[in-house]
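Please look through the structure below together with its sequence, and keep both at hand while reading. The paragraphs that follow go from the interior to the strands and then to the aromatic rings.

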Amino acid sequence: MSFRGEDTRKTFTDHLYTALVQAGLSVFRDHEIERGENLKWELDKAIKGSQISIIVFSKDYASSEWCLDELVMILDCKDTSRHTAFPVFYDVEPSEVRNQRGSFADAFSRYEEQLINAGSDTETGKELMKKLKRRVLSVTHYLVGVDSRVKNINLWLQDESVDANILVIYGMGGIGKTTIAKIAYNLNFHRFDSNSFIANVKQHSEQFNGILELQNQVLSNILKGEKGRLYNVHEGSMKIKQAICSKRVLVVLDDVDKLDQFDALLGTRVFYPGSKIILTTRKKGLLGAHAAYEVHRVKILSCDESSKLFSLHAFGQDHPTDGFVEQSKRLVRRCEGLPLALQVLGSSLSGKSIDVWEDALSKLEEIPHTDIQKFLEISYDTLQDDYDKNLFLHIACFFIGEEKDYMVKILEKCGLHPTVGIDSLIDRCLLTIEPGNKLMMHQLIQEMGKEIVRKESPKEPGRRSRLWRHEDSFSNIQLLQLNYVQLTGNYEDFPRRLRWLCWHGSPLEHVPVDISLENLVVLDLRHSKLKQFWEGTKYLGFLKTLDLSHSEMLTRTFNFSRLPNLEKLILKGCVGLLEVCESIGFLKGLDLLDLEDCTSLKKLPSNIGLLNCLQELNISGCSNLVDRSVELGKMKSLSVLRANDLSLKPLPSATGE
């Protein structure tokens, strides 16, 4: 257990320690060894000899160099072995630790200041800061058969003498390409000057400006946050080429399915000596006749590996429990060594009765070996109630890549229980939470969910419970996505029960009078042609989030008193916006106001100080903001102010200090 003694030793940590010991576990605490010359060696030995580390992050944890030494050792052990680390956040928010805010920001600032004055110890100190600030990618909890599959990739990454800078990791969907790439990245990224891991390239590239957004991510990673705004893909390719040709870089592009994605995200096929580029793909010959690359085929799991992985997910141990041995053998054989199928089916049947197992086997034996989606559908059938099934289908059809809290607010209004349901889907390996609190699921699982909806009415889309393609008709639905669609006629028959409307690239210059939006919780009109929000006096009493970002023709906002419960207002990239209506002061529950890159905006509304719940204000890139006299310091709830490239006077505190 790693903890700050002054914060928690006599309270939470003692209670946790007692509970673990009473449960029969052997628990090591650092005060069990005496401070001395061999202290670090003893501590390193204790961590490496443990299977699990529990890190209790408290307010003063980062102020202790002893705690930070422990943390670095734990991270090193986690990266290079099967050691598991569990964080516990005691009286601090996870975001404070993740983003180094609050007391963690103060502590890290002190260490950085010490590094500047550290003289001969600077390099050691820099290595410490580098390890603590790094972003390690999350991988699945149970790893089976990975070591042998990663070994050769590690050797290639560490060998600077090889001619090929590029490695293509290929194999069928669900076989573990991304997991292997993540582990290799985690073990080796610190060896390079800069690094970048770009996940789900295929999925992101299909979205509007998707490649451009990925280019921004690559450039930001390689230049370590120092980048300008990219305006087109060609410019992005040129800037990336300039950035990666002058340093040793490690770049991983995950799930690439087209050559032009590779070219756009790297800008070149000639790299600085020692650089390494990894692609994961289902296409072995993706790079065509390009000579300087190597390939690595991911093989299916052996029978023993398959049984172990399935058992870990189904029983929490590496072998079946009594009474389920034969059923486990039959299920494992049907999965044919595919990790995703073993993981999902094992998790779905965990804790279920023998009757449920037999029913699952009966269904599987009717499914062709090649139909992995139907294999995965068994996991959907075992969800405990319609709430979880509807939640899964909603996420699969609409909310992949969306922020979790954003989605929860929408689905609560749809009569579901998303907070509990999300935990259930994660337990069954149908859903993961990625960095940034984003909802993600394997592409094959998402496709399985959409296929379930399609089969509701194969020939008449209008009869389906969910619609996400603009080619399909719609009627009485709650969630609707119409990205880059132009509708004709009036809106009298537009769905009246909508809770979420996502219409990126809407051609409307204003919201029509005859469209019914009274029940909306989220309205997402990014990249729209809006000049004004609406004509008339609509009242949207349920609306929580309004996103008009990159609506470049929008010049003015609207009467906010008609949106009394708005919590998030996003106007990022509205370059034509001249002013924000003073009625914004009516939004007593607003917690986020994003005005980033509103380059025509000259002043903030004078009554912005009335927003007592505002926690985050972003005015970065508002280059024409002349009147900056608003007393932001009096906003008691404001915890994040983003004002990059702007010169602001120091903000007074709420007490006037």
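In this predicted model, the largest nonpolar core holds 86 residues, and the members that touch the most others are Phe-392, Ile-395, Phe-399, Met-407, Ile-445 and Trp-500. Helix 19 (residues 386-399) gives this core its largest share, namely 8 residues. To see how one member is surrounded, take Ile-395: once its neighbours within four places in sequence are left aside, Ile-395 is in contact with Ile-400, Met-407, Leu-425, Leu-431, Leu-439 and Met-441. Separate from this core is a second one of 53 residues, which includes Leu-501, Phe-560, Leu-577 and Met-635.

These cores belong to a protein chain of 657 residues, of which 49% are buried, and whose secondary structure comes to 22 helices and 18 strands. When contacts in the chain between residues at least 6 apart in sequence are considered, 58% of them join residues at least 24 apart.

Among the strands, a convenient place to begin is an open sheet of 3 strands, ordered 1-2-3 and paired in parallel. Its edges are strand 1 (2-3) and strand 3 (84-89), each of which pairs on one side only. Strand 1 runs parallel to strand 2 (residues 52-57) and is joined to strand 2 by 2 bridges, with Phe-3 standing opposite Val-56 of strand 2. Helix 2 (residues 12-22) packs on this sheet and touches strand 1, strand 2 and strand 3, while the direction of helix 2 makes about 160° with that of strand 2.

Strand 4 (residues 166-170) offers another view of strand pairing, and here the surroundings of the strand can be read from burial: 5 of its 5 residues are buried, so strand 4 is largely enclosed by the rest of the structure. In a regular strand, side chains alternate between the two faces of the sheet. In strand 4, Ile-166, Val-168 and Tyr-170 point one way, whereas Leu-167 and Ile-169 point the other way, and all are buried. Strand 4 is joined to strand 7 (residues 276-281) by 5 bridges, with the two strands running parallel, and the partner of Ile-166 in strand 7 is Ile-277. Strand 4 also pairs in the parallel sense with strand 8 (residues 293-297), again over 5 bridges, and in that pairing Ile-169 stands opposite His-296.

The aromatic rings come last. A search of the whole structure finds 15 aromatic pairs, one of which is formed by Phe-315 and Trp-357, whose rings are stacked at 5.6 Å centre to centre with 20° between the planes. Because Phe-315 lies in helix 14 (residues 303-315) and Trp-357 in helix 17 (residues 354-364), this pair ties together parts that are 42 residues apart in sequence. Trp-357 has a relative accessibility of 1% and therefore counts as buried, the cut-off for burial being under 20%. Phe-315 and Trp-357 also belong to a cluster, in which ring pairs link them with Phe-310 and Phe-324.

Elsewhere, aromatic rings are accompanied by charged side chains. Lys-389 lies over the face of Tyr-380, at 5.6 Å from the ring centre, and the charged end of Arg-499 sits over the ring of Phe-542, 5.7 Å from the centre of that ring.

How values were computed. Residues are numbered from 1 along each chain as its sequence is written. This is a predicted model: local features need pLDDT of at least 70, side-chain atom pairs count only at pLDDT 80 or more; totals for chains, interfaces and linings use all residues. Side-chain values use heavy atoms; hydrogens and water are left out. Rings of Phe, Tyr and Trp (its six-membered ring) pair if their centres lie within 6.5 Å; planes under 30 degrees apart count as stacked, over 60 as edge-to-face and the rest as tilted. Helices (H or I, at least four residues) and strands (E, at least two) are DSSP runs, numbered from the N terminus. Buried means under 20% relative accessible area, exposed over 50%, partly exposed in between (1.4 Å probe, protein chains only). A charge sits over a ring if NZ of Lys or CZ of Arg is within 6 Å of the ring centre and within 35 degrees of the ring normal. A nonpolar core is a set of buried Ala, Val, Leu, Ile, Met, Phe, Trp, Tyr and Cys residues joined through side-chain atoms within 4.5 Å. Contact means heavy atoms within 4.5 Å. Two strands pair if DSSP finds at least two bridges between them. Axes are lines fitted to C-alpha atoms, for helices over the stretch in contact, and angles run from 0 to 180 degrees between N-to-C directions.
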